[in-house]
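Ready to work through some exercises on how two parts of one protein chain meet? Take a look at the structure, then try each task before reading its solution.

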Amino acid sequence: MSAYQNVFDLSMEDSETFWSEAATGIVWDKPWEKVLDDTNAPFYRWFTGGELNTCENAVDRHVKAGYGEQPAIIYDSPAAGEKRVYTYADLQQKTAQLAGALKACGITQGDRVIIYMSMVPEAVFAMLACARLGAVHSVVFGGFSAKELAVRIDDAKAKFMLSTSCGLEPGRIVDYKKILDEALDMATHKVDGCAILQRPQQPCALVSGRDVDWNEFIADIEPAACVPVAATAPLYILYTSGTTGQPKGIVRDNGGHAVALQWTMTNIYDVGPGEVYWAASDIGWVVGHSYIVYAPLFNRNTTVLYEGKPVGTPDAGAFWRVISEHNVVSMFTAPTALRAIKKEDPKGELVRDYDLSRLRAQFLAGERSDPDTIDWVQRHLQVPVVDHWWQTETGWAIAANPLGIEHFPTKPGAACKPMPGYDLQALDDEGKILAAGELGNLAVKLPLPPGTFPTIWGDAERMRDNYLTAYPGYYLSGDSGMIDEDGYVHVMSRIDDVINVAAHRLSTGQMEESLCRHPDVAEAAVFGVADDFKGELPLGLVVLNSTVQRDANQICNELIAGVREDIGAVAAFKLVAVVKRLPKTRSGKILRGTMRKIASGEDYVVPGTIDDPAILDEIAEVLRQLEYPKTAGNK
Ligand code: COA
Ligand code: AMP
């Protein structure tokens, strides 16, 4: 039997033995009483009764073990023109100092701290400082609007904010402080204060009585020690898009998270302690949480914190420079980033300018990897390319090629095999397990393994309704797909209103809500249209109120600005057109899927339930006139 099959079978047949063995890789202040606690099934908990500290496991224990001089973080910022290295001893000092400052202003175990910061090392110190105190951090991605930040401040009832004065995007400086101020004005919940890291590119004014300069905040502070917390206590909340405008606060606990992530570094990524690992993502996403910060630090790797883009900072060789300059052995990014590089350097000429001999693997996630991109990477990097599938909810891969256990051949378009702990099935609408190769809804038989989300912040019932009700006893992933005859998982598309734009997860429902807020709009539909570069682009069609006489172009510009204002630049919402009516079923359901197919140039069947088939021709005509990248699929 294959090595993978042995490991996978053990995780299924005796999950408690499997995960308690994995848990020996973590330092515990108090051993757990139960490995798997099913008292409140279907809400399962791992390692109940145990106590540990996440920062101790990520930082302090390595210093105690004599690795204080090993680099922990390499900060490489073409955006700021700066590079810095922090050893584990530095990281311990910086984290303890910042934790001391938070403690001095009353932050204690369980309090929520929102981190709204650009990709600077202080953002990592901030996450670890919260973990050190047992406080719960919630990092908000810089591309979100003030409204989105305000929603998170209210939902998390944040006690304190940590922010940077600005963020650096190619060609523009993002005024984080302005967004922060607006968000704090909008939020109904009031925070105790904000510490602001002034970036030299655009320092900001401080609000007296509320804001404190970062350097003053940490000056003359008694460093704080690591506080043991329950394994089941929350480590962080990370908001992700759902089907409505109210984002879901995905909760991560301390114990299961540390155990699972440590396990993945050697078994999935095949990276040993002391090696340099790089996830080119952003700390505002789950990939950044798990693989820029926590997993590599648990595993005593050196992690690269890259503040730049795959292209334009300064060119399409940026990733290869970072890999060669810092001796990266394994890297992780989104296919869209590689498509950006491939577009600028189709022959991979810049790859040859760098010594990539230490690189052993390229991991991809965030969206389906298209076979062309996989082929391009394999050809030019000459290393295994691993497409692996995961979600904010799971925090680590549901399906992957576990290079540290067994290396399976790559099948372009597939995310390889289910990982230990994930009893993954493709189910039909009635919940019947489908045969190999049959397309269905991907679902995981409960319990989910350690490290996955135990609940939604403040709303366990939402977790039940969204994920656990469709198929009792299963977690509904929200993705459709199939498992083929070789056991490979093929993830095809979302089954809900979520779209994937440049590997960013966005809610079309939320964009529709924004469009409908415009006084001239009667109704709206948003769907994703295929795009060669970003995977999908959001496209909106609106019906105006019958009395409206204004110029449609002007209204469309206002709608684009409105979505940017409501959700943020990250929504990348630039395509919108006015239509006379929207196609609907006789029961009034808008046929978004059919419009998506028309817009993407795919074959479609006129649904039998459609109210008026002629509307589809009208929609096709409007889309023909709308300018958007008419790529292979959507001419
Ligand atoms: N702060 C503020 N604004 C941000 C931002 C941040 N951290 N990140 C992106 N934005 C802005 C961009 O500047 C852009 O604004 P614009 O409309 O004024 O140009 C907008 O949000 C859309 O950004 P994006 O869709 O990311 O496009 P891009 O052209 O800036 O970059 C990629 C394209 C492919 C390079 C980039 O999306 C990328 O690296 N994606 C990978 C994502 C990822 O790592 N996902 C995690 C899973 S691995
Ligand atoms: P996020 O929660 O932002 O990480 O987005 C998770 C979603 O991204 C998944 O539900 C999938 O729709 C998509 N996704 C992530 N990785 C992959 C992959 N390797 N293949 C296909 N889809 C993916």
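**Exercise 1.** Find what joins the side chains of Arg505 and Glu393.

*Solution.* Keep in mind that this is a predicted model. Start with the atoms: a nitrogen and an oxygen of these two side chains lie 2.8 Å apart. The cut-off for a salt bridge is 4 Å, so Arg505 and Glu393 form one. Next, place the residues: domain 1 covers 3-406 + 415-477, and domain 2 covers 498-625. Glu393 therefore sits in domain 1 and Arg505 in domain 2. Between these domains the count is two salt bridges.

**Exercise 2.** Work out which helices help build the side of domain 1 that touches domain 2.

*Solution.* Begin with the polar contacts: 14 residue pairs link the two domains this way, counting residues at pLDDT 80 or more. Now look for elements that give two or more residues to that side of domain 1, and you get helix 6 (146-156) and helix 12 (335-344). Helix 12 gives the most, with four residues. Finally, sort that side by residue type: five are nonpolar, twelve polar and eight charged.

**Exercise 3.** Describe how much surface domain 1 and domain 2 bury between them.

*Solution.* First, the total: it's about 1,800 Å², with 46% of it on carbon and sulfur atoms. Then pick out the residues of domain 1 that lose the most area to domain 2: they're Lys147, Ser241 and Thr336, together 24% of what that side buries. Last, step back to the whole: the centres of the two domains, taken over C-alpha atoms, are 32 Å apart. The contact takes 25 residues from domain 1 and 23 from domain 2.

Technical notes:
Residues are numbered from 1 along each chain as its sequence is written. Chains are lettered from A and ligands numbered from 1 in the order in which they are written. This is a predicted model: local features need pLDDT of at least 70, side-chain atom pairs count only at pLDDT 80 or more; totals for chains, interfaces and linings use all residues. Side-chain values use heavy atoms; hydrogens and water are left out. Contact means heavy atoms within 4.5 Å. Buried area is the accessible area (1.4 Å probe) that two parts lose on being put together, summed over both. A polar contact is a pair of N or O atoms within 3.5 Å; within protein, one must be able to donate a hydrogen and the other to accept it, and residues adjacent in sequence count only if both atoms are side-chain atoms. Ala, Val, Leu, Ile, Met, Phe, Trp, Tyr, Cys and Pro count as nonpolar, Asp, Glu, Lys and Arg as charged, and the others, Gly among them, as polar.
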